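Let's take a walk through the inside of this protein. Have a look at the fold first, and then we'll follow the side chains.

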Amino acid sequence: LFIACFDCNITFQPISAMSILYYTLFEERMPDDLFNEKLKILPSIFREKTLKFWRWQDAHASMFGKFLLKEGFKHFKISADLSDLQFTKYGKPYLADSSISFNISHSGYCVVCVMSDEVESVGIDIEVIKPINIKGFENYYTEKEWNEMKQRNERHSKWGLFGGRGKGAEQHPLLFLALWGGKHLLSDVAL
């Protein structure tokens with residue numbers, strides 16, 4: 001099911017009977033007048049957060065994430081609006097007195113929103129996979145995880161799968177991102 005949404009498409013994908021995933025992709029900057037018009041639909045707290053982004057891509061993704069959430073509210077027949085959201089002490093939004101949990105993530109030109117009434121806290125994280133410098137992240141991983149990443153990089157660098165060939169800590173780190181995403185997801189669920 002595709003729903004037209006401000007020069008992008010929102011795609012609905014059922015995950016299970018009571019969990020849904022909405023996502024959208026965008027590649028072009030929305031004209032400022034149209035962006036500002038659509039931004040006015042959001043409650044002031046979300047408008048202010050969206051306008052704090054330096055990159056237009058992040059501002060657009062932030063706004064699209066809220067519109068994906070609104071689509072999810074319709075799916076679950078929730079009469080609440082974005083202005084009804086409450087925030088944990090860590091800033092994570094939630095709906096009070098609701099069995100619906102949700103999470104929004106964006107990276108690059110992709111925005112996703114997952115919603116569920118099957119679990120108390122649902123999470124999702126997406127990441128555009130590209131070479132990154134992982135120096136400085138060692139303290140976030142166990143020694144076993146870090147050594148596994150280093151070994152994989154050494155094994156696959158001859159094929160260029162992880163940045164390879166003399167790039168040192170700059171890698172195309174699938175394992176790094178998988179582990180990082182898992183850690184991030186666990187912290188989201190714990191909040």
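Are Phe26 and Trp56 buried or exposed? Both Phe26 and Trp56 are buried. Keep in mind as we go that this is a predicted model.

These two rings also have something to do with each other. Phe26 and Trp56 make an edge-to-face aromatic pair, with 6.2 Å from centre to centre and 65 degrees between the planes. The pair ties together distant parts of the chain: Phe26 sits in the loop between β3 and α1, while Trp56 belongs to helix α3, 30 residues apart. Zoom out a little and you'll find a cluster, in which ring pairs link Phe26 and Trp56 with Phe64 and Tyr109.

The structure has six aromatic pairs in total. Another of them joins Tyr141 and Trp146, and this one is tilted, with 6.0 Å between the centres and 45 degrees between the planes. Tyr141 has a relative accessible area of 7%, so with the cut-off for buried at under 20% it counts as buried. Trp146 comes in at 10% relative accessibility and is therefore buried by that cut-off too.

Now for the nonpolar interior. The largest nonpolar core is made of 28 residues, and those with the most contacts inside it are Met63, Leu69, Phe73, Leu85 and Met115. Several elements chip in: β3 (19-25), α1 (32-39), α3 (56-75) and β7 (110-116) each bring at least two residues to this core. Helix α3 gives the largest share, with nine residues.

Pick out Met115 if you want to see how this looks up close. Leaving aside residues up to four places away in sequence, Met115 touches Met18, Ser19 and Ile20, then Leu69, Gly72, Phe73 and Phe76, and also Ile100, Ser101 and Phe102. There is also a second, separate core of seven residues, with Leu21, Val114, Ile124 and Ile126 among them.

Let's finish with α1. Which residues of α1 are buried? They are Phe35, Lys38 and Leu39. If you look down the axis of α1, these buried residues fall within an arc of 105 degrees, so they line one face of the helix. As for what they pack against, the buried residues of α1 meet α2 (44-51) and α3. That brings us back to α3, the helix that holds Trp56 and supplies nine residues of the largest core.

Definitions and conventions:
Residues are numbered from 1 along each chain as its sequence is written. This is a predicted model: local features need pLDDT of at least 70, side-chain atom pairs count only at pLDDT 80 or more; totals for chains, interfaces and linings use all residues. Side-chain values use heavy atoms; hydrogens and water are left out. A nonpolar core is a set of buried Ala, Val, Leu, Ile, Met, Phe, Trp, Tyr and Cys residues joined through side-chain atoms within 4.5 Å. Buried means under 20% relative accessible area, exposed over 50%, partly exposed in between (1.4 Å probe, protein chains only). Helices (H or I, at least four residues) and strands (E, at least two) are DSSP runs, numbered from the N terminus. Contact means heavy atoms within 4.5 Å. Rings of Phe, Tyr and Trp (its six-membered ring) pair if their centres lie within 6.5 Å; planes under 30 degrees apart count as stacked, over 60 as edge-to-face and the rest as tilted. The arc is that of the directions from the helix axis to the C-beta atoms.
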